[in-house]
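These are my notebook entries on a few things I looked up in this structure, beginning with its cysteines and going on to its helix packing.

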Amino acid sequence: MGDRFSSMPHWSDAALKAGLQRAMDLDSDAVSAAARRATQVAATVRDLAATAPSGAGTSWSPRSGTPRQPEQMDRAEDLPAWRMGIAGLATAFRSGELKPSVVLQDLLDRIDRYDPTLNAFVRLTRDRALVEARAADARFAAFQSGGTEPPALCGIPYGVKDIIDVEGLPTTCQSHLLVDNVASSDADIVRMLKQEGAVIVGKLATHEFANGLPSFDLPFPPARNPWNPEHHPGGSSSGAGTAVAAGFLPLAIGSDTGGSVRHPASACGVVGFKPGYERLPVKGVFPLSPTLDHVGLVTHTAEDADSAYAALTGSRRAAERPLAGLRVGYVRHFHTTDMDAIEDVATALDMAATHMSASGADVTEVFLPPLTTYFAVNRVILHAEAWPIHRNWLRETPSAYGRATLESLMVGAFLDPTAVTAARGLRDRLRNEMTALFDNVDLLLCASSMEPPARFDDPEETARTYVRQARTPFNITGFPALTLPFGLTGEGHPLSIQLAAREDAEDLLLGAAIALEKLRGPAPAPPMAW
């Protein structure tokens, strides 16, 4: 072995020391790429830790003229079941206007029609869902006859990302390694949904182990964007964004380590809500990076996210929060200086700020450290925490991984412990700085994605645009954040904005999002006319 690798560059010594001989035999290019990435992110985070992070930008003032007036929201009874959302369905179930089993069958018919193209589901639990929906029918019939009122989410169909355990179903993580990995118990979040009487419809597509990019070398095909199936839907909770936007489900549960619930929500034109760290339980969710992992929700509207979050946490509904008097910090430099967003994104953000200002909010430009700082910290911590989880598989069966995942997960093998220590210290500084900013503002407004999703047949553009985002800061700090659809590009791709709040202020965030949602008017649905 020593003779064989004697002429290889220095990174090979580190690879062999980490036990990656088989990975070297399989794909030495992937191993060397992982080593280079480790060197780069480690150097960046050490340099940043030695300096004081700072932001930069230009001033902002509300746009002149009168913001577009709110549109009249359609009445729930005028919407098809697949567009009603959680709040509308819950009301219709209680009144007896609709039955959970009838709604479920409508959704299953829609899934049968469109999902062969969109690939949102890796496993459909049709028979199980019908049994659960009929049980919900019986509970509502009893309630309408004077019995006990069912829980808030009773009869609501939902799906979970396929890294989340559902007893009796495989949790594959979209990996050849785990295709036969049948869960022996429910994840805590699934147990909570079952207690609510929600109806599970299936397991949803993900990137392999919630990491990497859309890939075609995995056990299941990648989910596609319902606005245009030639484009990706974001990730890594890709099936969640696709399923809700396509009208397959009113609620999807995903994970969010660097933006993985909010990215597909933004790309598909629905709401992505990441509560604060540990606000929703992660037990039974396959980990990627335990100190960054969050469980999050994808829904049609902010009102739906509020309904689901209140039911799951036992908290009071946030309801609409008047924007008048709110102090809103507009982190404009994220999309003007740190990264140059396309004009449509910048216009949507300015319009959201103008709407809020015209409604009485005090909108001021604020500054945070540049996005590159948050990204460097996220990458080092994520890779350092993912490596021990996958170390044995990477050593023994590297060929079972997709190539993008293999390269990404090996980065942790090459990280110097001093870089990890620096990243964790810098994370504390970033969290403290954002906490201090929230002494002067109630909400932050900033970009989510800097441009629409790329086409599947352009992997280089997909890789380039995946990292052009401003979601990661709120995984580093653990603060709640929500992405809200805000119009379409000239080419018909969804646009979104992002709101964030201080720790434990989910109610304020959701209430303000509901108010802004009503000012914006109803978001369009994908025409599904491909």
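**Cysteines.** I looked up the surroundings of Cys-446 in this predicted model and found that the closest cysteine sulfur, in Cys-268, lies 19 Å from the sulfur of Cys-446, which is too far for a bond because a disulfide needs the two sulfur atoms within 2.5 Å. Counting by that rule, I arrive at 0 disulfides. I then checked accessibility, and Cys-446 counts as buried because its relative accessibility is 0%; for Cys-173 I noted 0% relative accessibility as well, so Cys-173 counts as buried.

**Helix 4 and helix 6.** I next turned to the packing of helix 4 (residues 81-95) on helix 6 (residues 126-144), where the axes are 8 Å apart and meet at an angle of about 55 degrees. I therefore entered helix 4 and helix 6 as oblique to each other. On the helix 4 side I listed Phe-93, Arg-94 and Ser-95, which meet Phe-140, Phe-143 and Gln-144 of helix 6. Sorting the residues of this contact of helix 4 with helix 6 by character, I have 3 nonpolar, 2 polar and 1 charged.

**Helix 14.** Is helix 14 mostly covered or mostly uncovered? I found helix 14 (residues 403-410) mostly covered, with 6 of its 8 residues buried. The buried residues I wrote down for helix 14 are Thr-405, Leu-406, Glu-407, Ser-408, Leu-409 and Met-410. Asking what these buried residues of helix 14 pack against, I recorded helix 3 (21-49) and helix 13 (371-396).

Conventions
Residues numbered from 1 in each chain as written. Predicted model: local features only at pLDDT ≥ 70, side-chain atom pairs only at ≥ 80, totals over all residues. Heavy atoms only, no water. Buried < 20%, exposed > 50% of the residue type's maximum accessible area, 1.4 Å probe, protein only. Helix = DSSP H or I, 4+ residues; strand = E, 2+ residues; numbered from the N terminus. Contact = heavy atoms within 4.5 Å. Axes fitted to C-alpha atoms, helices over the stretch in contact; angles between N-to-C directions. Parallel < 35°, antiparallel > 145°, perpendicular 65-115°, else oblique. Nonpolar A, V, L, I, M, F, W, Y, C, P; charged D, E, K, R; others polar.
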